[in-house]
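These entries record what I looked up in one structure. I kept them in the order in which I worked.

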Amino acid sequence: MSATYENIVVEKDDGVTWLSLNRPEKRNAMSPQLHYEMDDALRWLAHDKDTRVLILTGKGQAFCAGQDLKLYFRETQNNPEERARAQQASNSWRWHRIVNFPKPTIAMVNGPCFGGAFTAVCACDIALAADEATFGLSEVNWGVIPGGIVSWNIAEMLSHRDAMFYAMTGLPFDGRKAAEIKLVNYSVPLADLREETLKIARILQEKNPFTLRYTKEAVRHVRGMSHDQAYNFLAAKLQALQHVDKEGGMQKGMSQFLDDKSYKPGFGAFKP
Ligand code: COA
């Protein structure tokens, strides 16, 4: 199923789906309507047969300037029902729908990325940025805290020192710094970002989709588990994978390595 949206764009390219925030004139700031559209799109894309890898990005020069201060905050100030509805959709797509997306997700941070946009970046499995992108936890300058779940996101993703420093000073940082503090995997010049992101998407697209799904669920869910819980959970997960994997990935992989000698996964290191 597909739909017509005004604030976002869905573009399919041979197994890779680009999901873009599309309010470039407002630097893709997130209005209530944008949240409703993103929530809807991620719901059906999760089960869309054409989508094997999802790339989240922003149209124009920005990734996302955070919540729309006018439409999301000011205009819902006296409308608690609308505020609650927008809040629910906002938290749903930026976290639950992306984290639980059954296929690989990549955030491509092409430009400014502020406040609430951090949640969507942290929710994606992989994140790449332009060297020139600007990241900012600007909430402190607006008299608010990194809300929604942004404080939780940075506490989880960054070192305590970096989380405190950037949340408390509100100082912006670029894509290179974002890579250094591991908010993103790595950064490249803006001119190369799209091609680099697509390269990673194509690598993921070639993998067994069942194994990929179970891998992301395994890594995501063991965080916070004890050793014994993780051991038990992963054993059950591995068993379950053997049942759902219609491509017989394990048998195929072993046969390629042991019998055909056509594949050697441990050969050569990846260089971004
Ligand atoms: N909410 C509402 N409108 C926003 C916005 C936001 N978060 N971010 C940008 N806009 C609007 C601007 O008001 C401007 O609207 P106008 O053309 O009607 O005046 C338009 O988007 C373009 O923004 P502008 O500031 O001129 O673009 P820029 O490229 O010079 O700077 C940013 C881009 C993102 C660095 C800058 O807009 C900014 O700092 N935005 C606020 C980011 C923020 O703190 N977000 C967290 C909210 S909690």
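The entries below cover the sheets, a helix pair, the cysteines and a few single residues.

**Entry 1. Status of the model.** I note at the outset that this is a predicted model.

**Entry 2. The six-stranded sheet.** I traced the strand order and read it as β1-β2-β3-β4-β6-β9, an open sheet of six strands with mixed pairing. I then asked which strands stand at the edges. They are β1, residues 8-13, and β9. Each has a single partner strand, so one side of each is left without a neighbour in the sheet. From one strand to the next, I found that the twist averages 20 degrees.

**Entry 3. Pairing within that sheet.** I followed the pairings from β3 towards β9. Strand β3 covers residues 53-58 and runs parallel to β4, with three bridges joining the two. As a marker for this pairing I took Leu-54, whose bridge partner in β4 is Thr-105. Strand β4, residues 105-109, continues to β6 through four bridges, again in the parallel sense. Here I noted Ile-106, which has Ile-126 of β6 as its bridge partner. Strand β6 in turn pairs with β9, residues 186-188, over three bridges in the parallel sense. In this pairing I found Ala-129 opposite Ser-187 of β9.

**Entry 4. Strand β6.** I checked how far β6 is covered. The strand spans residues 126-130, and four of its five residues are buried, so the rest of the structure largely encloses it.

**Entry 5. The three-stranded sheet.** I found an open sheet of three strands, also with mixed pairing, in the order β5-β7-β8. Its edge strands are β5 (113-114) and β8 (173-174), each of which pairs on one side only. I looked up how β7 and β8 run: β7, residues 134-136, is antiparallel to β8, and two bridges join them. Thr-134 has Asp-174 of β8 as its bridge partner.

**Entry 6. Helices α1 and α3.** I examined how α1, residues 32-45, packs on α3, residues 80-99. Their axes lie 8 Å apart and meet at an angle of about 40 degrees. Angles under 35 degrees would count as roughly parallel; the two helices are therefore oblique to each other. The crossing of α1 and α3 is left-handed. I listed the residues that make the contact. On the α1 side they are Pro-32, Leu-34, His-35, Tyr-36, Met-38, Asp-39, Leu-42 and Arg-43. On the α3 side I recorded Glu-82, Arg-85, Ala-86, Ala-89, Ser-90, Ser-92, Trp-93, Arg-94, Arg-97 and Ile-98.

**Entry 7. Cysteines.** How many disulfides are there? I counted zero disulfides. The cut-off for a disulfide is a pair of cysteine sulfur atoms within 2.5 Å. For Cys-122, the closest cysteine sulfur is in Cys-113 at 8.6 Å, which is too far for a bond. For Cys-124, the closest cysteine sulfur is in Cys-122 at 9.3 Å, again too far for a bond. I also asked whether Cys-122 and Cys-124 are buried or exposed. Cys-122 is buried, its relative accessible area being 2%. Cys-124 counts as buried as well, at 7% relative accessibility.

**Entry 8. Positive phi outside glycine.** I looked up two residues of this kind. Asn-28 has a positive phi, near 60 degrees, and is not a glycine. It sits in the loop between β2 (16-21) and α1. At 0% relative accessibility, Asn-28 counts as buried. Lys-182 likewise has a positive phi, of about 70 degrees, without being a glycine. Its place is the loop between α7 (175-180) and β9. Lys-182 has a relative accessible area of 49% and is partly exposed; the cut-off for exposed is over 50%.

**Entry 9. Gln-242.** I ended with a residue of helix α10, which spans residues 227-244 and holds Gln-242. Its relative accessibility of 39% makes Gln-242 partly exposed. I also looked up its separation from Ala-120: the two are 122 residues apart along the chain, and 31 Å separates their C-alpha atoms.

Technical notes: Residues numbered from 1 in each chain as written. Predicted model: local features only at pLDDT ≥ 70, side-chain atom pairs only at ≥ 80, totals over all residues. Heavy atoms only, no water. Buried < 20%, exposed > 50% of the residue type's maximum accessible area, 1.4 Å probe, protein only. Pairing = 2+ DSSP bridges. Axes fitted to C-alpha atoms, helices over the stretch in contact; angles between N-to-C directions. Parallel < 35°, antiparallel > 145°, perpendicular 65-115°, else oblique. Left-handed = near helix turned anticlockwise from the far one by under 90°. Contact = heavy atoms within 4.5 Å.
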